[in-house]
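This report walks through one protein model, from single residues to the whole chain. Keep the structure open beside the text.

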Amino acid sequence: MADLKLTNVEKTYGGSVNVLNDINLDVKKGELIVFVGPSGCGKSTLLRMIAGLESISSGVLEIDGEEVNNVPPAQRGIAMVFQSYALYPHMTVRDNMSFALQLAKKPQVEIDAAITKAAKILQLDEYLDRLPKALSGGQRQRVAIGRSIVRDPKVYLFDEPLSNLDAGLRVATRIEIAQLKESMPDSTMIYVTHDQVEAMTLASRIVVLANKGIAQVGAPLELYERPENEFVAQFIGSPAMNLLPGKITGTGAQTKIALDGGGTAVSAVPTTEADMGLKVNVGVRPEDFVPTEGDAIFKGKVNFSEALGEVTLLYFEAQGDNTAVIGKLPGIQTGARGTSMALTADPAKVQVFHNERSLYYR
């Protein structure tokens with residue numbers, strides 16, 4: 001398996017339409033890197049550039065220290081699993097998985113051994129002689145993955161492989177991919193998805209793409225607990241992080257913020273005397289809010305509630321031009337709609353942003 005490195009990579013169409021700019025990323029052998037971001041951010045384009053299906057306008061792509069910008073896709077040692085299964089309907093599972101090896105004129109003994117190994121990993125042993133039409137959607141996706149495994153590539157690329165599956169199958173297949181990675185610890189994988197749950201549960205590190213570049217790279221819980229900027233803070237997590245405007249009124253190991261809506265927040269993000277009076281946004285995730293009878297970050301009337309069983313989402317009336325605040329409280333909060341409530345949060349859970357960037361990363 002391989003290391004992969006992107007240095008100052010850009011993608012431009014027609015010489016003037018820039019879609020990716022200054023992409024710098026080191027992928028180490030054995031990592032499972034997940035690209036996430038809003039629609040149109042370029043995550044699939046970046047994956048296709050790594051695969052060689054899209055040209056690189058500028059910058060360098062290296063695999064195991066060797067520049068591969070102009071190396072044809074078939075010679076990069078990369079296998080790609082597409083959003084569609086792309087299986088040959090007239091071929092059995094065995095023939096679909098062996099097709100690339102047959103084209104490469106590999107010895108039949110080697111082909112049989114590779115198929116047997118991949119089928120065992122993916123639990124496809126009993127389906128090898130079936131046609132794709134006799135398989136479920138999840139089984140077809142496993143065949144598509146198996147077709148990559150038999151090639152023993154340097155890097156595996158997954159382009160939204162679960163998006164065509166229903167909710168139940170997505171969960172089951174996601175677990176299978178996680179178990180596959182555990183069974184192949186040295187394999188290097190890059191995975192594109194728009195699903196945050198897939199990103200948070202599968203990734204060694206997540207790459208958040210936005211505004212033609214990389215917004216943040218980090219371990220899943222690092223992005224969740226310490227977002228570098230407001231975009232990542234609101235993109236990672238559902239519902240999105242609440243952002244409340246205010247002004248710093250106390251500095252030191254803990255920072256005190258007087259909020260424009262009348263509340264008071266205390267954050268464990270340290271500040272200095274030079275930050276006194278700084279206009280900031282206080283970030284609190286809905287699940288980090290707790291009801292209080294003391295000093296509150298937010299007080300408001302519950303405009304709407306959604307009882308989901310294990311949690312209840314509370315939507316508060318918007319104050320002025322501010323976005324409506326959302327709270328996520330455990331259990332079933334019966335009778336909450338129409339009532340007033342005061343909320344606070346642990347200072348360790350309170351983020352502080354200035355000019356859209358976290359003060360924690362200064």
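## T193 and its surroundings

T193 is buried, with a relative accessible area of 2%. The cut-off for buried is under 20%, so T193 qualifies at 2%. The model is a predicted one. T193 sits in a loop. That loop runs between β8 (188–192) and α6 (196–202).

The side chain of T193 makes a polar contact with the side chain of E198, at 3.1 Å. Leaving aside residues up to four places away in sequence, T193 touches V34, F35, V36, G37, K43, E160, E198 and A199. E198 is thus on both lists: it is a touching residue and the partner in the polar contact.

## Helix α1

One of the residues that T193 touches is K43. K43 is also among the buried residues of α1. The others listed for this helix are T45, L46, L47, M49, I50 and A51. Helix α1 covers residues 43–51, and seven of its nine residues are buried, so the helix is largely enclosed by the rest of the structure.

G52 follows α1. Its phi is positive, near 95 degrees.

## N96 and helix α2

N96 belongs to helix α2. Is N96 buried or exposed? At 0% relative accessibility, N96 counts as buried. V93, M97, S98 and L101 are buried in this helix too, which spans residues 93–103. Cover for the buried residues of α2 includes α3 (108–122) and α4 (137–149).

Which backbone atom does the N96 side chain reach at 2.8 Å? The backbone nitrogen of Y88. A polar atom of the N96 side chain also lies 3.1 Å from the backbone oxygen of M91. Not counting residues up to four places away in sequence, N96 touches L87, Y88, M91, P132, V143 and R147. Y88 and M91 thus appear among the residues that N96 touches. Just after α2, K105 takes a positive phi of about 60 degrees.

## K5 in strand β1

K5 lies in β1, a strand of residues 4–13. At 37% relative accessibility, K5 counts as partly exposed.

Leaving out residues up to four places away in sequence, K5 touches L25, D26, V60, L61 and E62. K5 and I63 are 58 residues apart in sequence, but their C-alpha atoms are 6.5 Å apart in space.

## Aromatic rings and charges

How many aromatic pairs are there? The count comes to six aromatic pairs. F231 and F235 form one that is stacked, at 5.6 Å centre to centre and with 10 degrees between the planes. Both residues are in helix α8 (residues 230–235); being four residues apart, they are separated by about one helical turn. An α-helix has 3.6 residues a turn, so residues three or four places apart point the same way. F231 counts as partly exposed, at 30% relative accessibility. F235 is buried, with a relative accessible area of 16%.

Charges sit over rings as well. The charged end of R226 sits over the ring of Y360, 4.1 Å from the ring centre. R285 places its charged end over the ring of Y224, 4.4 Å from the centre.

## A six-strand sheet

One open sheet has six strands, in the order β13-β12-β11-β14-β20-β21. The pairing is antiparallel. Strands β13 (264–267) and β21 (357–358) stand at the edges. Each has a single partner strand, so one side of each is left without a neighbour in the sheet.

Strand β20 (residues 351–354) pairs with β21 over two bridges, in the antiparallel sense. Which residue of β21 is the bridge partner of F353? It is S358.

## The whole chain

The protein chain has eight helices and 21 strands. Its C-alpha trace spans about 75 × 45 × 35 Å along the principal axes. Of its 362 residues, 47% count as buried.

The chain exposes about 17,100 Å², and carbon and sulfur atoms supply 49% of that area. Among contacts with a separation of 6 or more, 65% come from residues 24 or more positions apart.

Notes:
Residues are numbered from 1 along each chain as its sequence is written. This is a predicted model: local features need pLDDT of at least 70, side-chain atom pairs count only at pLDDT 80 or more; totals for chains, interfaces and linings use all residues. Side-chain values use heavy atoms; hydrogens and water are left out. Buried means under 20% relative accessible area, exposed over 50%, partly exposed in between (1.4 Å probe, protein chains only). A polar contact is a pair of N or O atoms within 3.5 Å; within protein, one must be able to donate a hydrogen and the other to accept it, and residues adjacent in sequence count only if both atoms are side-chain atoms. Contact means heavy atoms within 4.5 Å. Rings of Phe, Tyr and Trp (its six-membered ring) pair if their centres lie within 6.5 Å; planes under 30 degrees apart count as stacked, over 60 as edge-to-face and the rest as tilted. A charge sits over a ring if NZ of Lys or CZ of Arg is within 6 Å of the ring centre and within 35 degrees of the ring normal. Accessible areas come from the Shrake-Rupley method with a 1.4 Å probe; for residues, only the protein chains shown count as cover. Two strands pair if DSSP finds at least two bridges between them.
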